[in-house]
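The questions below concern how side chains pack in a single model. Each answer works through the evidence before it settles on a value or a name.

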Amino acid sequence: MEVVKRLYERFSSLVHELAKFGSIGAVAFVIDTGLLNFCHVVIGLGPLTSKLAATVVSTTFAYLGNRYWTFRHREQTGLGREYFLFFLLNGIALLFGILAIGFTTYTLGLNDTLSVNIANIVGVGLGTLFRYWSYKKWVFLEATEPIPVELPGQGVRQDR
């Protein structure tokens, strides 16, 4: 039991960060998938155009959630810089989704809703791995000064 406690203490900040990142990602995934299907099935846009439109909206949500919740304890290097890098890296991650959907639709000839959604899930999964790594490396940098555990004068712990 002591080993588990020590492991938790050692990795608790990473576990909390991953849980927050996963929560924001899950909501962004619902937004992305919902808009992809709305644009593709209801409006009748092509699968790649639908994916691009859905990604712009879900990425904006994800930026706000990650900046102000997941990585709020990290250095804030300017909204413009972070937003630009965030969208640039999401553009690279979007390639995973575009390639998966494009391959499924145009190479395999599967343009039905189920096939496009399965391809989207594969692309989002690969893109998520890239995004988590790249956000920590280039967008939400480690804080140069430690974040205070207690709010000044209130004695209340901040949520990590």
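Q: How many residues does the largest nonpolar core have?
A: In this predicted model, the residues with the most contacts inside the largest nonpolar core include Phe21, Ala62, Phe71 and Tyr135. The elements that give two or more residues to this core are helix 1 (2–43), helix 2 (47–70), helix 3 (79–107) and helix 4 (113–139). The number of residues in the largest nonpolar core is 15.

Q: How many residues does the second, separate core have?
A: This second core is separate from the one just described, and among its members are Leu36, Ala100, Val116 and Ala119. Its number of residues is 6.

Q: Which residue touches Thr59, Ala62, Tyr63, Asn66, Tyr135, Val139 and Phe140, not counting residues up to four places away in sequence?
A: The residue sought is among those with the most contacts inside the largest nonpolar core, a list that also holds Ala62, Tyr135, Val139 and Phe140. The residue that touches the whole set, with neighbours up to four places away in sequence left out, is Phe86.

Q: How many residues apart in sequence are the parts that the pair of Phe86 and Tyr135 ties together?
A: Phe86 and Tyr135 form a stacked aromatic pair, with 4.5 Å centre to centre and 25° between the planes, and both residues are buried. Because Phe86 lies in helix 3 and Tyr135 in helix 4, the pair ties together parts whose separation in sequence is 49 residues.

Q: Is Phe96 buried or partly exposed?
A: Phe96 forms a tilted aromatic pair with Phe130, at 6.3 Å centre to centre and 50° between the planes. The partner Phe130 is buried, with a relative accessible area of 17%, and buried means under 20%. Phe96 has a relative accessibility of 31%, so Phe96 counts as partly exposed.

Q: With the side chain of which residue does the side chain of Asn120 make a polar contact?
A: Asn120 is found in helix 4 and is buried, with a relative accessible area of 0%. Leaving out residues up to four places away in sequence, Asn120 touches Phe29, Asp32, Thr33, Leu36, Lys51 and Ile101. Within that set, the polar contact, at 2.6 Å, joins the side chain of Asn120 to the side chain of Lys51.

Notes. Residues are numbered from 1 along each chain as its sequence is written. This is a predicted model: local features need pLDDT of at least 70, side-chain atom pairs count only at pLDDT 80 or more; totals for chains, interfaces and linings use all residues. Side-chain values use heavy atoms; hydrogens and water are left out. A nonpolar core is a set of buried Ala, Val, Leu, Ile, Met, Phe, Trp, Tyr and Cys residues joined through side-chain atoms within 4.5 Å. Buried means under 20% relative accessible area, exposed over 50%, partly exposed in between (1.4 Å probe, protein chains only). Helices (H or I, at least four residues) and strands (E, at least two) are DSSP runs, numbered from the N terminus. Contact means heavy atoms within 4.5 Å. A polar contact is a pair of N or O atoms within 3.5 Å; within protein, one must be able to donate a hydrogen and the other to accept it, and residues adjacent in sequence count only if both atoms are side-chain atoms. Rings of Phe, Tyr and Trp (its six-membered ring) pair if their centres lie within 6.5 Å; planes under 30 degrees apart count as stacked, over 60 as edge-to-face and the rest as tilted.
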